[in-house]
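Q: I'm new to this one and would like a close look at a single part of it. Could you pick a strand pairing to start from and then walk me outward through its surroundings?

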Amino acid sequence: MKSIFRMLKSTRLAVSLILILAVLCLIGILLPQIPAEFSATPDGYAWWVENIAYRQVGDSCYTLEALGLFEVFRSGWFICATVLLILNILACIIPRIRSIQRESKKTGVKSDEDFYRQGKYVFAFDISSAQKRLCETAERALDDRHYSAIREEAPGAVYFAGEKRGLSKWATLFVHLSLILLLTGVLIGSLSGFRNSSFVVVEGETKAVGNGTGLSVYLDSFSDEYWEDGTPKDYRSDVAIYQNNEEVKSGIVRVNHPLTVHGVSFHQGSFGEAVMLRMLDADGNVAFQQSIPLTEYQTNDDFIRPKGAVSLPQNDYNIVLLGSAVNGTDPYIGTDQIGVEFYDENLNFIGWLVLDHDTPQQLGDLQIQYSRLQYSGFLVSKDPGGPFIWTAAGLFLLGLGMIFYFPYRRIWIRTSAISEHETRVMLRIDGQKSLGLENEARILLKELGLLEEPEESNVGH
Amino acid sequence: MGIEADLFLASECALLLSAVALIAAIFISKSKRRTDSPKAIRTAEQAARMLSLLCIALMTAFLIARTIRTGHGPFTSMYEFSAAFVWGILLMSIVFSWRYKNLVIHLSGFILSGCLLIYIGTLSPDAAPLVPALQNSLLLSAHVFAAVIAYGAFTIGFIASILYVIQKNDRFHALPTLSKLEDISYHSVVIGFPFMTLVIVLGAIWADIAWGTFWSWDPKETASLVTWLLYAGYLHTRLLKNWRGRKSAILLIVGFIAVIFTFFGNYLFGGLHSYA
Ligand code: HEM
């Protein structure tokens, strides 16, 4: 037990873990990583490995897959290293709490000359000034430099010990605890949050978010704007969000301007063409009416066409809708047309036709027609870990600022009278950070009126 | 476009002149025949410093002119980001050389900036309009500005580490002493590490707003994490294992390679950052 703890505490483990995580990240950059939509199902996963991964890395793809390296950031390696890092940080940091607490009490106010000589920044002078006057100057200087100092006296000597920015003693603790808070936030998010990166709603349609939110989204309209050179300028979805059939929020969702309702955020993601397909029977009654987003693509004869599918349960038909090709002039389906392919329940091809926009066409005793719409794809997510993560990030930055720019400082001054007009002064200054320490010492010495002294003897290094 | 191109050219000239003046000043102050008067040394140093200030002023003016023309901070294309990076290296070179009274660091920083300027010359200066994800000027500017400061500082750490490896036993009179190089390296991380952290945090906030997820293991994101971990490794080995000198220098050189990798990451791997 003890040896496990000793290992967990070791810096070697810390450095190794940091390096291991760095290497895993590198693997994650260099190897193709399986996108979420494929990893969601075993079939998709297998297809991706056999096709995409195989094409890129050849036969080794099966070994790499067995090692989980196509999903590095969710692999056992990564999770193990992270968990070990958390334990490692805890094991390093918790035992330090006591020693930090004791830090300012460790060395007393009345210390002998040896204590001074052990410091890194130590200065000793014999100066021609009365001890009493020097002590007054010292008190003022410490006060000016914001040290909270105590004064003690012994026969022949007066001692000062001071510290400042006591809170910064705790900064490394903040920094590491905030890392743990951060990882906790990530854990909470992945356990109790959800994320749907392709929540598609067609104009005029209302769709339930699910995931236990009780929310649904109505898309009133979607519009896309472009700069003169054709690069996208703005995508905006005009939506209303309902909970139990009651509108709770409405507004525009744009990139960089999400809408949030009860902790569920709606971000603008993708968009595209949608089709409202309607069939009327011989009596003019609506036999079928549905809006279908063309969210997928079909490649055929070198043409890439937007594609959507729907099944008609009554007739055991499956219908595939195709938009005009996006990579060239389509000889079959014009920009104001849509292709409709019919398949039977076993997905055998039956036939197809091309519809003109808003123009009914007779198909047996059905009249079929379509109108054009847009769909908008949202990234819907709920991340209860968020507040933890942002708090952690803030604490981390605050801690770093304190460690590096407002470090904890301690100071000791000892004055002893050599004669009535001559005093020996020793000054030691310590801090967790040596940067700027010498400068601080210099300023103090100047305030004490000591810097100009010619017989300076620097005991330190 | 005219004034921008002029300012760019002027910055390049000023950089070249500064470099020449720096070489001259270093040569005069370190020459074995110390016949030159201290006054000559001071004058040469001052001339070099003045020219460097002129150079960074011109570069600043160039970036401002571009900001005014394009209507957004110079942070949205490789061209703009590289120019901002040059500015960061110039700034840090000047700050560190002033703080540590050393012209070699200054000169090395300027030479690296010069290389980057030559690279920028090969890029198209056209400003593309902003795609929706980039239309968040406050976060975008803060994110990239922090990166410019962090990378600028890390560049100085890299230079000091390379010089450290070359210096070995203080054998070159013209270079800073080993202990000074050590201090400079550490100081560069003291500036660079918090700013790198800020880059990552601001990037995460922005990603959360634009894409609804604060982290998506995009290559550039991951590369910045690796960089950050390497510098965290440097701080820990230094503090807890008392690593100093050569070992630390090599770690900082590796860290800087990661910085370069992060900087050009989108070129190499695509990903969500591929617009930059
Ligand atoms: C990615 C993870 C980590 C980060 C970002 C991090 C960050 C930091 C920072 C910024 C410092 C201050 C450095 C300085 O004062 O120069 C520090 C100090 C320290 N770290 Fe870490 N740390 C991490 C992981 C760890 C681990 C795993 C351990 C356990 C071995 C550890 C133990 C320490 C200790 C003991 C100190 C010195 C504390 C002191 O001076 O009082 N850290 N860390």
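A: Let's start with one pair of residues: E163(A) has R410(A) as its bridge partner in β19(A). Keep in mind that you're looking at a predicted model.

That pair belongs to a longer match-up. Strand β3 (residues 157-164) of chain A and strand β19 (residues 409-417) of chain A run antiparallel, joined by eight bridges. β3(A) also pairs with strand β2 (residues 148-154) of chain A, again antiparallel, this time through seven bridges. If you want a residue pair to click on there, try I150(A), whose bridge partner in β3(A) is A161(A). The hairpin of β2(A) and β3(A) has two residues between the strands, and G156(A) takes a positive phi near 85°.

How enclosed is β3(A)? Seven of its eight residues are buried, so the rest of the structure largely encloses this strand. As background, strands of a sheet pair through backbone hydrogen bonds, and the pairing can be parallel or antiparallel.

Now hop over to another strand, β18 (residues 366-382) of chain A. It is mostly covered, with 12 of its 17 residues buried. Several strands pair with β18(A), so let's take them one by one. Strand β10 (residues 264-280) of chain A is joined to β18(A) by 15 bridges, running antiparallel. Within that pairing, F266(A) stands opposite V380(A). Strand β4 (residues 194-202) of chain A is antiparallel to β18(A) too, with seven bridges between them, and there F194(A) has K382(A) as its bridge partner. Then there's strand β17 (residues 361-363) of chain A, which pairs with β18(A) in the antiparallel sense over three bridges. Q362(A) finds its bridge partner in Q367(A). β17(A) and β18(A) make a hairpin with two residues between them, and in the turn G364(A) has a positive phi of about 60°.

Those two hairpin residues are glycines, but what about positive phi elsewhere? Most residues other than glycine have a negative phi. N244(A) is not a glycine, yet its phi is positive, about 45°. You'll find N244(A) in the loop between β7 (232-243) and β8 of chain A, and at 63% relative accessibility N244(A) counts as exposed. H262(A) is another non-glycine residue with a positive phi, near 45°. H262(A) sits in the loop between β9 (259-261) and β10 of chain A, and with 53% relative accessibility H262(A) also counts as exposed.

The loop with N244(A) leads into an open sheet. Its four strands come in the order β5-β6-β7-β8 (chain A), and the pairing is antiparallel. At the edges stand β5 (206-208) and β8 (246-254) of chain A; each has a single partner strand, so one side of each has no neighbour in the sheet. From one strand to the next, the twist averages 25°. At the β5(A) end, three bridges join β5(A) to strand β6 (residues 215-226) of chain A, running antiparallel, and K207(A) stands opposite V217(A).

Chain A has another open sheet, with five strands in the order β12-β13-β14-β15-β16 and antiparallel pairing. Here the edge strands are β12 (296-300) and β16 (349-356) of chain A, each pairing on one side only. The twist in this sheet averages 35° from one strand to the next. β12(A) pairs with strand β13 (residues 303-312) of chain A in the antiparallel sense over five bridges, and T299(A) stands opposite I304(A) in that pairing.

Finally, pull the view back to bring in chain B. Here 43 residues of chain A are in contact with 45 residues of chain B. The two chains bury about 3,700 Å² between them, and carbon and sulfur atoms give 74% of that. On the chain B side, P132(B), F214(B) and W217(B) lose the most area to chain A, together 15% of what that side buries. What about polar pairings? There are zero salt bridges between chain B and chain A, while seven residue pairs are in polar contact across the interface. The elements that give two or more residues to the chain B side are α6 (178-211) and α7 (219-240) of chain B. Of that side, α6(B) gives the most, with 16 residues.

How values were computed:
Residues are numbered from 1 along each chain as its sequence is written. Chains are lettered from A and ligands numbered from 1 in the order in which they are written. This is a predicted model: local features need pLDDT of at least 70, side-chain atom pairs count only at pLDDT 80 or more; totals for chains, interfaces and linings use all residues. Side-chain values use heavy atoms; hydrogens and water are left out. Two strands pair if DSSP finds at least two bridges between them. Axes are lines fitted to C-alpha atoms, for helices over the stretch in contact, and angles run from 0 to 180 degrees between N-to-C directions. Buried means under 20% relative accessible area, exposed over 50%, partly exposed in between (1.4 Å probe, protein chains only). Contact means heavy atoms within 4.5 Å. Buried area is the accessible area (1.4 Å probe) that two parts lose on being put together, summed over both. A salt bridge is a side-chain nitrogen of Lys or Arg within 4 Å of a carboxyl oxygen of Asp or Glu. A polar contact is a pair of N or O atoms within 3.5 Å; within protein, one must be able to donate a hydrogen and the other to accept it, and residues adjacent in sequence count only if both atoms are side-chain atoms.
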